[in-house]
Each structure stands twice: as C-alpha cells, then as structure tokens.
Amino acid sequence: MKENNMLIKNGSQYFRLLVDDILYVQVAEKYCLLFTHEMNYTYRCSLTKLLADMPFKNIVRAHRFFVVNWNYVTGISNDEIYLGKRSIPLGPAYAKDLKLKYIHDL
C-alpha cells in the first residue's frame, strides 16, 4: 500500500482512501466518521489508533472528538476551525497552539 493510502472497512466493504482527501474526522462512540469531498465513511476504531495508522503529518487534533486536515483549514476563531463552509469545534486545550500554527502558516 502506498504511504498516502489507508485501507478502511466501511460496513461490509473495503475502501482504499487517500489520506489527503480526508477533510476531517469526527469520533462517535466506537467509530470514527471520516469526511471527504466525495463521500463519508464510518470506520470502527478508536481515534488514537486511527491517528497512529494515518501516514500523514497534516492531520491535527482540534478537539477531543475531532481531527482536521490542516491543508483544508480556511479560518480559525476562538472556538471553531473553518474548512470552507464547514465549521469544526476547536477545543480549549488545542486552541492556542492551532491559532499560532495558523498565523505562522499564512
């Protein structure tokens, strides 16, 4: 498998997913919901395991229940990260570092 791909099981089907295509990931109990431009995937695993398996450095933790692909971040406020028209909660534990990263990357 290529470095930038992940093999995930979504229901009874397997998909090869480009990590670059992931906009963000949301945790819902024992599942990770992976959101891309084209499709959403439900993947049964913990966020910790998913992050360890993701071969991509631009996936960053933004909240206890969310990670985002930094390449798609278009704005940041005190309590939200914007990915185009979508907004993701920004946890207080991650806010300061991510705001500094956003300003530095401009």
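A biologist and a modeller talk through a predicted model of one protein.

Biologist: What makes up the protein, in helices and strands?

Modeller: The protein has two helices and 10 strands. From the N terminus on, the order is β-β-β-β-β-α-β-β-β-β-β-α.

Biologist: Why is the protein called as compact as a globular protein of its length?

Modeller: Its radius of gyration is 14 Å, and the globule rule gives 13 Å for 106 residues. The two values are close, so the protein is as compact as a globular protein of that length. The C-alpha trace spans about 40 × 30 × 25 Å along its principal axes.

Biologist: How much of the protein is buried?

Modeller: Buried residues make up 41% of the 106 residues. To count as buried, a residue must have under 20% relative accessible area. The protein exposes about 6,800 Å², and carbon and sulfur atoms supply 51% of that area.

Biologist: What makes a group of residues a nonpolar core?

Modeller: The residues must be buried, of nonpolar kinds such as Val or Leu, and joined through side-chain atoms within 4.5 Å. The largest such core here has 19 residues. Val 25, Leu 34 and Leu 50 have the most contacts inside that core.

Biologist: Which elements supply at least two residues each of this core?

Modeller: They are β1 (5-10), β2 (13-18), β3 (22-28), β4 (31-36), β5 (40-44) and α1 (47-53). Strand β3 gives the most, with three residues.

Biologist: Where does a second core show up?

Modeller: A separate core of 16 residues includes Val 73, Leu 83, Ile 88 and Ala 95. There is a general pattern behind such groups: in soluble globular proteins, nonpolar side chains tend to be buried together.

Biologist: What does Val 25 touch, leaving out residues up to four places away in sequence?

Modeller: Val 25 touches Cys 32, Leu 33, Leu 34, Leu 47, Leu 50, Met 54, Phe 65, Phe 66 and Val 67. A contact requires heavy atoms within 4.5 Å.

Biologist: What share of the contacts with a separation of 6 or more comes from residues 24 or more positions apart?

Modeller: That share is 38%.

Biologist: Why is Met 6 called buried?

Modeller: Its relative accessible area is 6%, and buried means under 20%, so Met 6 is buried. Met 6 lies in strand β1. Tyr 41 is 35 residues from Met 6 along the chain, and their C-alpha atoms are separated by 12 Å.

Biologist: Why does Tyr 82 count as partly exposed?

Modeller: Tyr 82 has 28% relative accessibility, which falls between the 20% and 50% limits, so Tyr 82 is partly exposed. Its place is strand β9 (residues 80-83).

Biologist: Which residues does Tyr 82 touch, leaving out those up to four places away in sequence?

Modeller: Tyr 82 touches Tyr 72, Val 73, Thr 74, Gly 75, Ile 76, Ser 77 and Ser 87. Val 73 is also in the second core.

Biologist: How do you know that Ala 28 is partly exposed?

Modeller: Ala 28 has a relative accessible area of 30%, again between 20% and 50%, so the term fits. Ala 28 sits in strand β3. Thr 42 is 14 residues away in sequence and 9.4 Å away in space, C-alpha to C-alpha.

Biologist: Why is Glu 29 called exposed?

Modeller: Its relative accessible area is 81%, and exposed means over 50%, so Glu 29 is exposed. Glu 29 is in the loop between β3 and β4.

Biologist: What makes the phi of Glu 29 worth a look?

Modeller: Phi of Glu 29 is near 55°, a positive value in a residue other than glycine. Most residues other than glycine have a negative phi.

Biologist: Why is Asp 79 partly exposed?

Modeller: Asp 79 has 48% relative accessibility, and exposed needs over 50%, so Asp 79 counts as partly exposed. Asp 79 is in the loop between β8 (75-76) and β9. Beyond residues up to four places away in sequence, Asp 79 touches Ile 88, Pro 89 and Leu 90.

Biologist: How far apart are the mean positions of the positive and negative charges?

Modeller: The mean positions of the 14 positive and 10 negative charges are 5 Å apart.

Note on methods
Residues numbered from 1 in each chain as written. Predicted model: local features only at pLDDT ≥ 70, side-chain atom pairs only at ≥ 80, totals over all residues. Heavy atoms only, no water. Buried < 20%, exposed > 50% of the residue type's maximum accessible area, 1.4 Å probe, protein only. Helix = DSSP H or I, 4+ residues; strand = E, 2+ residues; numbered from the N terminus. Rg over C-alpha atoms; globule rule 2.2 N^0.38 Å. Areas by Shrake-Rupley, 256 points an atom, 1.4 Å probe, with all protein chains shown as cover. Lys, Arg positive; Asp, Glu negative; His and termini not counted. Charge placed at Lys NZ, Arg CZ, Asp CG, Glu CD.
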